[in-house]
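Hi everyone, thanks for coming. Let me put the model up, and then we'll walk along a few strands together.

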Amino acid sequence: NIKAGGVVQGGSTLTQQLVKNFYLTSERSLWRKIKEALMAVILEVRYGKDEILEAYINEVFLGQDGERSINGFGMASVFYFNKPLIELKPHQAALLVGLVKGPSYYDPRRHPERAVKRRNLVLDEMTRFGVLPEQQRRIAKRFNADISPFKQIKSSRFPAFLDLVKRQLSRDYKDEDLRSDGLNIFSTLDYNIQTTAEKLFKKKLEALNKQYGIERGKLQGAMVITRREGGEIVAVIGDRNPMFSGFNRALDAIRPIGSLVKPAVYLTALSQPSKYTLTSLIDDAAISLKQRSGELWMPQNYDKVEHGEVPLHEALSHSYNLATVRLGMELKVPNVKRTLEELGVRRPIKPYPSLLLGALSLSPIEVTQMYQTLAGEGFFTHLRSIQSVTSSEHLALQRYPLSVRQVANPSAVYLVNTALQEVMTKGTGRSAYRQLSVNYKLAGKTGTTDELRDSWFAGFSGDYLAVVWLGRDDNKPSKLTGATGALQVWSSVMSAISKESVQLTKPDDVVYNWVDRRGYRANEFCTNAVQYPFIKGSSPVEFSPCVGAVGRTLERTRSWFESLGNDR
């Protein structure tokens with residue numbers, strides 16, 4: 001390869017192939033080969049050979065079914081023989097092993113003679129190594145390719161949701177108990193919502209694929225929908241093809257969440273009403289921070305523009321990065337980390353400044369748990385996919401009761417949710433109203449990661465919370481922002497399933513005041529004055545120039561009477 005000035009031939013160990021399939025591209029270059037070798041060494045230090053082999057046989061490419069790749073011996077067994085791996089006979093198992101060298105060249109449906117010849121070689125090797133007795137080898141060689149005429153892989157009706165149910169059950173039951181006859185599982189699945197979401201999700205992804213010229217079949221996605229009250233999961237989608245029963249992205253796609261982290265930053269601030277309110281001014285100006293490596297981190301706004309001093313609510317609704325970083329650094333990053341943990345994030349969080357802009361990777365269901373606490377107005381509820389389990393005699397074996405606890409100040413959450421409503425009416429989420437009535441109140445947040453690799457949206461109506469992630473499995477740019485991608489899917493589904501708009505429950509210690517653009521106290525007669533909620537004691541004291549002497553006197557008198565009433 002060095003003499004030729006490029007890669008003209010090469011060999012890989014099994015571990016290197018695993019690294020290439022999982023982490024690298026198929027690019028033929030010397031640099032890629034070096035990275036492959038180094039990563040393989042790291043894997044072999046950290047994992048045993050049996051673990052590496054198990055990962056390989058569960059992931060190795062063994063065929064193609066239209067846009068779907070057949071990965072792993074388990075899936076290949078069903079695809080080629082219409083039976084689980086454990087039921088294969090020696091001649092069938094040997095044929096699958098033979099496919100590893102070249103799934104297309106030895107495709108048993110297109111080239112049965114090649115496949116059989118390769119299979120026989122594998123059988124010979126099995127006998128030579130003492131894995132297969134001689135008599136069984138002779139019997140196995142008598143068979144032809146023996147491929148099932150049925151090419152379609154069977155899948156359950158709602159594979160992503162059932163995968164979630166199985167995982168929850170596996171925490172509470174032994175495998176042999178789950179296989180016993182007559183066990184009744186009562187799930188939280190809503191058939192109508194699940195089927196509606198699947199239909200619209202698939203349709204919208206196909207439209208986005210075409211609209212943005214994304215390579216066919218490469219745009220992937222996931223969606224989780226819960227009841228806003230109670231945290232019951234009513235629908236889960238884990239693939240662009242909702243019927244696909246392979247990799248469940250709703251549970252297992254761990255991706256950077258981008259600006260979805262920002263409500264936690266602003267909640268941390270608004271939990272300190274003596275220092276911060278929705279109208280507090282934040283400087284949206286350039287900032288550079290020295291990292292541990294000594295390099296400077298210089299974040300930018302998405303529009304590459306500095307907006308100067310802006311009210312806190314505007315910084316969140318327009319998702320200004322610079323204002324958010326400045327605010328987060330004032331608050332101290334470990335405090336933001338603590339807020340995220342209180343909202344329900346259980347994954348380890350590194351308290352670096354980049355956390356403030358979403359340098360935190362979560363799965364869609366983990367994001368749903370976080371936003372469920374915001375939708376629950378500061379009360380944490382475990383997401384549930386199972387209501388109860390009974391025996392064949394209908395005796396209750398396990399119940400999954402609703403468990404709620406307060407983890408955040410409801411008043412501060414109310415202020416954050418007010419700003420999240422503004423995201424939808426004036427900020428990055430406003431395009432949702434192309435598909436929903438402008439009078440339908442919603443709350444949510446867009447999320448976009450570097451180079452448009454991930455498109456997120458998390459939001460809720462009065463009855464449902466939904467989280468959508470779109471991106472590519474190879475981590476290449478998806479060409480979609482949170483607003484142009486995930487939000488469009490979310491809006492399409494929510495417009496079909498939601499029947500209630502958001503009605504936030506105002507805590508007793510929250511009052512509304514008129515304020516001007518600079519956050520000074522105003523009244524309804526002031527031009528461009530707007531009412532915003534404040535936690536009692538944090539309302540602006542200084543009056544706007546638009547309020548005359550008489551108006552100030554009236555405002556003070558009104559405030560005095562209100563305070564008398566409150567004292568009672």
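Let's start with a pairing: strand β16, residues 443–448, runs antiparallel to β17 over six bridges. By pairing I mean that DSSP finds at least two bridges between two strands. Strands here are DSSP runs of E with at least two residues, numbered from the N terminus.

Before I go further, this is a predicted model, where local features need pLDDT of at least 70, side-chain atom pairs count only at pLDDT 80 or more, and totals for chains, interfaces and linings use all residues. Residues are numbered from 1 along each chain as its sequence is written, and side-chain values use heavy atoms, with hydrogens and water left out.

Back to β16 and β17: Gly-447 sits opposite Trp-456 of β17. The two strands make a hairpin with five residues between them, and in that hairpin Glu-451 has a positive phi near 60°.

On its other pairing, β17 meets strand β18, residues 464–472, again antiparallel, over seven bridges. Phe-460 has Leu-465 in β18 as its bridge partner, and this hairpin has three residues between the strands.

So how many residues of β17 are buried? Seven of the seven in 454–460, where buried means under 20% relative accessible area, with exposed over 50% and partly exposed in between, using a 1.4 Å probe and protein chains only.

Which way do they point? Asp-454, Trp-456, Ala-458 and Phe-460 go one way, while Ser-455, Phe-457 and Gly-459 go the other. In a regular strand, side chains alternate between the two faces of the sheet.

That's my tour, thanks!

Technical notes: Helix = DSSP H or I, 4+ residues; strand = E, 2+ residues; numbered from the N terminus.
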